[in-house]
Amino acid sequence: SEDAFLEYAEYVGNFYGTPKKFVDEAMEQGKDVVLDIEVQGALQVVHKRPDVVRIFIAPPSWEELERRLTARNTDSPEKVQERLLRAKVELKAADQYDYFVINDNVENAVAELRAIMLAEHCRPTDRIHLLREA
């Protein structure tokens, strides 16, 4: 009710959120802000900040996602299955995002994320002021 969160959501029985103050302060300092959030939270962020860039990060396969979730050893087998079902539902929203990264390995995924950030910083609205007048 106090609008303290930029986004918040329930995800397979757990509640998550991003404090609005954290994001506002970082952006005022000219920093890029990267949020690791699910689809429901991303919709809230877009509603409050329509100029955001959304990047959908997907596993290379469902088998690999299941292996990763199981290897973390933080969830019960039932919870892993809930997360897998939720991931399949969320994948249906991927085409609404600006970019799509397949997290096949960390180095490749990070390289793609850096490339996206670089490209976003090359937009005319962000750079035209750098042009020197003759």
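This is a short exchange on how features of a predicted model get their labels.

Reader: Why is Glu120 called buried?
Author: Buried means under 20% relative accessible area. Glu120 has 14% relative accessibility, so Glu120 counts as buried. Its place is in helix α5, residues 106-120.

Reader: What makes the pairing of Glu120 and Arg123 a polar contact?
Author: The cut-off for such a pair of N or O atoms is 3.5 Å. The side chains of Glu120 and Arg123 are joined at 2.8 Å, so the distance lies within the limit. Glu120 also touches Val53, Tyr99 and Asp126, not counting residues up to four places away in sequence.

Reader: How do you know that strands β3 and β4 pair?
Author: Pairing needs at least two bridges. Four bridges join β3 to β4, so the two strands pair. They cover residues 55-58 and 99-102 and run parallel. Ile55 of β3 stands opposite Tyr99 in β4.

Reader: Which residues make up the covered face of β3, and which the uncovered one?
Author: Phe56 and Ala58 are on the covered face. Ile55 and Ile57 are on the uncovered one. In a regular strand the side chains alternate between the two faces of the sheet.

Reader: How many aromatic pairs does a search of the whole structure find?
Author: The search finds two.

Reader: What makes the pair of Phe56 and Tyr97 edge-to-face?
Author: Ring centres must lie within 6.5 Å, and planes over 60 degrees apart count as edge-to-face. Here the values are 5.3 Å centre to centre and 90° between the planes, so the label fits. The pair links distant parts of the chain, 41 residues apart. Phe56 is in strand β3, while Tyr97 is in the loop between α4 and β4.

Reader: Why is the pair of Phe56 and Phe100 called stacked?
Author: Planes under 30 degrees apart count as stacked. Phe56 and Phe100 have 5° between the planes and 5.8 Å centre to centre, so this pair is stacked. It also links distant parts of the chain: strand β3 and strand β4, 44 residues apart. Phe56, Tyr97 and Phe100 form one aromatic cluster.

Reader: Are Phe56 and Phe100 buried, exposed or partly exposed, and what makes them so?
Author: Phe56 has 9% relative accessibility, under the 20% limit, so Phe56 counts as buried. Phe100 has 42%, between 20% and 50%, so Phe100 counts as partly exposed.

Reader: How do you know that the charged end of Arg54 sits over the ring of Tyr97?
Author: The distance limit to the ring centre is 6 Å, with an angle limit of 35 degrees from the ring normal. The charged end of Arg54 is 4.5 Å from the centre of the Tyr97 ring and is assigned as sitting over it. Lys88 does the equivalent over the ring of Trp62, at 5.4 Å.

Reader: Which residues form the largest nonpolar core?
Author: It has seven: Val39, Ala42, Phe56, Ala58, Ala93, Ala94 and Tyr97. Helix α2 and strand β3 each supply at least two of them. Apart from this core lies another, of five residues, including Leu69, Val80, Leu84 and Ala87.

Reader: Why is Asn73 called exposed?
Author: Exposed means over 50%. Asn73 has 68% relative accessibility, so Asn73 counts as exposed. Asn73 lies in the loop between α3 and α4.

Reader: What is the phi of Asn73?
Author: It is positive, about 60°, although Asn73 is not a glycine. Most residues other than glycine have a negative phi.

Technical notes. Residues numbered from 1 in each chain as written. Predicted model: local features only at pLDDT ≥ 70, side-chain atom pairs only at ≥ 80, totals over all residues. Heavy atoms only, no water. Buried < 20%, exposed > 50% of the residue type's maximum accessible area, 1.4 Å probe, protein only. Polar contact = N/O pair within 3.5 Å; in protein donor to acceptor, adjacent residues only side chain to side chain. Contact = heavy atoms within 4.5 Å. Phe/Tyr/Trp six-rings, centres within 6.5 Å; stacked < 30°, edge-to-face > 60°. Core = buried A, V, L, I, M, F, W, Y, C linked by side-chain atoms within 4.5 Å.
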